[in-house]
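Student: I've got a model open and I'd like to test the labels people put on it. Can we go through them one at a time?

Tutor: Sure, let's load it and start.

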Amino acid sequence: MKRIASSLILLVALFAGAALASEDWRGQNRLAGTITDANGKPVKGAVIALRLQKGSSSGPDVKADDHGKWAMLGLGAGSWNIDVSAPGFQTKQLSVSISEGERLPPMKIALDAAQVQQAETAATPSEAPVQEVKIGGVAVTQDIADAVEAGNKALGEKNFKEAVANYEKAYPTLSANLPLKQALARAYYGAGDLKKAVVLMDEMYKADPSNVPNALLYAELLLEDGQLDKGKDVVEKLPADALKDPTALINIGILMLNKKQPAAARDYFTKAIAVDGNRAETYYYRGLSEVQLNKMKDAKADLEKTVSLAPASSEAKEAAELLKSIK
């Protein structure tokens, strides 16, 4: 997504990498293991989706190597959900708790073969029966499963339009599948269709408003779409300790400045600084709001802080110019 500047929109990417937004999952811990079939044969290329907390989109994906082995460093402490999937196998879901500094032994995960069913069709005896596999517990035809796999591949390669085309083939059948819904929202956003991304994230937010990463992502999309009041409402309903990244608060503050509401803007910048006091641009924008409020002493302190934190930044250069006019 984007950080919204006082005269134009400056986007800050939230869809970077495999995670849809926030990287609050990072830490100092490690998980590793081996993926096999029921007979102990390695499952090459199995995808291990690691998600911090139930229903979260926050966390990395990793693939098993040719020997079915995988490892992931840099995981935070907490309860992790693990979904293991591979073509031709049923998705296995499990969870594990990691304590800070704890080193867990390698995990051995065996996948069961996918349940293949014949679809009910009016095919003649000479025609081959339609095969079905299961995705997230829902039986789908092989062409739907292939479309999902092709969409995942295209999304990973940032070929967003191709990802959209493939996901849309599968979506009518799997519209209740939240990971697919989020992936399609990512693809829409990457393809430049913000409105459709907002619609899907709205559905995900309503399904689980307590999912903090999804709520933050939804708020950022709303702000980027100009829906300030709705975005504010989503942010303000989050638990006080849920915000690990101040971007949404900064965006709201900037939009408030645009609406000539410097007092409200200053409040949001102050909240953003409480979340992360090392972002120079936050002090810069709070300084702008204080200039508008004629709080020159406070403005001077914030503008000087901007320069000290990031002297080479564009905000620091502008702050230095403003400081010349403040006595």
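Student: What sign does phi take at Lys158, just after helix 1?

Tutor: Positive, at about 60°. Keep in mind that this is a predicted model, so we're reading a prediction. Lys158 sits in the loop between helix 1 and helix 2 (160-170).

Student: What makes a positive phi worth flagging in a residue other than glycine?

Tutor: Most residues other than glycine have a negative phi. Lys158, with phi near 60°, is a residue other than glycine with a positive value. Asn294 also has a positive value, near 65°, and Asn294 lies in the loop between helix 9 and helix 10 (296-309).

Student: Why is Lys158 called exposed?

Tutor: The cut-off for exposed is over 50% relative accessible area. Lys158 comes out at 59%, so it is exposed. Run Asn294 through the test: its relative accessible area is 59%, so exposed is the word there too.

Student: And why is Gly59 called buried?

Tutor: Buried means under 20%. Gly59 has a relative accessible area of 0%, so the label holds. You'll find Gly59 in the loop between strand 4 (47-52) and strand 5 (61-63). The C-alpha atoms of Gly59 and Trp80 are separated by 9.0 Å, with the two residues 21 apart along the chain.

Student: How much of the chain counts as buried?

Tutor: 46% of its 327 residues. The secondary structure comes to eleven helices and twelve strands.

Student: How do you know what length to expect for helix 1?

Tutor: Take 1.5 Å times one less than the number of residues. Helix 1 (residues 142-156) has 15 residues, giving an expected 21 Å, and its first-to-last C-alpha reach of 21 Å is close to that. Helix 4 (residues 194-207) passes as well: with 14 residues, it reaches 20 Å against an expected 20 Å.

Student: Which residues of helix 1 are buried?

Tutor: Ile144, Ala145, Ala147, Val148, Gly151, Ala154 and Leu155. As for reading such a list, an α-helix has 3.6 residues a turn, so residues three or four places apart point the same way.

Student: What covers the buried residues of helix 4?

Tutor: The cover includes helix 3 (178-190), helix 5 and helix 6 (228-236). Among the buried residues of helix 4 are Leu200, Met201 and Asp202.

Student: At what angle do helix 4 and helix 5 pack?

Tutor: About 145°, with the axes 9 Å apart, and the crossing is left-handed. The contact includes Leu194, Val198 and Tyr205 of helix 4, and Leu217, Tyr218 and Leu221 of helix 5. By class, its residues split into eleven nonpolar, one polar and two charged.

Student: How do the residues divide where helix 9 meets helix 11?

Tutor: Four are nonpolar, none polar and three charged. Helix 9 (residues 280-292) and helix 11 (residues 314-325) pack at about 35°, with axes 10 Å apart. Helix 9 contributes Glu281, Tyr284 and Leu288, while helix 11 brings Glu315, Glu318, Ala319 and Leu322. Asp, Glu, Lys and Arg count as charged, and the glutamates in that contact are Glu281, Glu315 and Glu318.

Student: On to the sheets. What makes strand 5 and strand 8 edge strands?

Tutor: The sheet is open, has four strands in the order 5-4-7-8, and pairs antiparallel. Strand 5 and strand 8 (92-98) each have a single partner strand, so one side of each lacks a neighbour in the sheet. Neighbouring strands are turned by 25° on average, direction ignored.

Student: How do you know that strand 4 and strand 7 really pair?

Tutor: Pairing takes at least two bridges. Strand 4 and strand 7 (residues 78-85) share six, running antiparallel, and Ile48 stands opposite Val84 in strand 7.

Student: And which strands are at the edges of the sheet with order 6-3-9?

Tutor: Strand 6 (69-75) and strand 9 (107-111). That sheet is open too, but its pairing is mixed. Strand 3 (residues 26-37) runs parallel to strand 9, and five bridges join them. In one of those details, Thr36 has Ala110 as its bridge partner in strand 9.

Methods:
Residues are numbered from 1 along each chain as its sequence is written. This is a predicted model: local features need pLDDT of at least 70, side-chain atom pairs count only at pLDDT 80 or more; totals for chains, interfaces and linings use all residues. Side-chain values use heavy atoms; hydrogens and water are left out. Axes are lines fitted to C-alpha atoms, for helices over the stretch in contact, and angles run from 0 to 180 degrees between N-to-C directions. Helices (H or I, at least four residues) and strands (E, at least two) are DSSP runs, numbered from the N terminus. A crossing is left-handed if the near helix is turned anticlockwise from the far one by less than a right angle, and right-handed if clockwise. Contact means heavy atoms within 4.5 Å. Buried means under 20% relative accessible area, exposed over 50%, partly exposed in between (1.4 Å probe, protein chains only).
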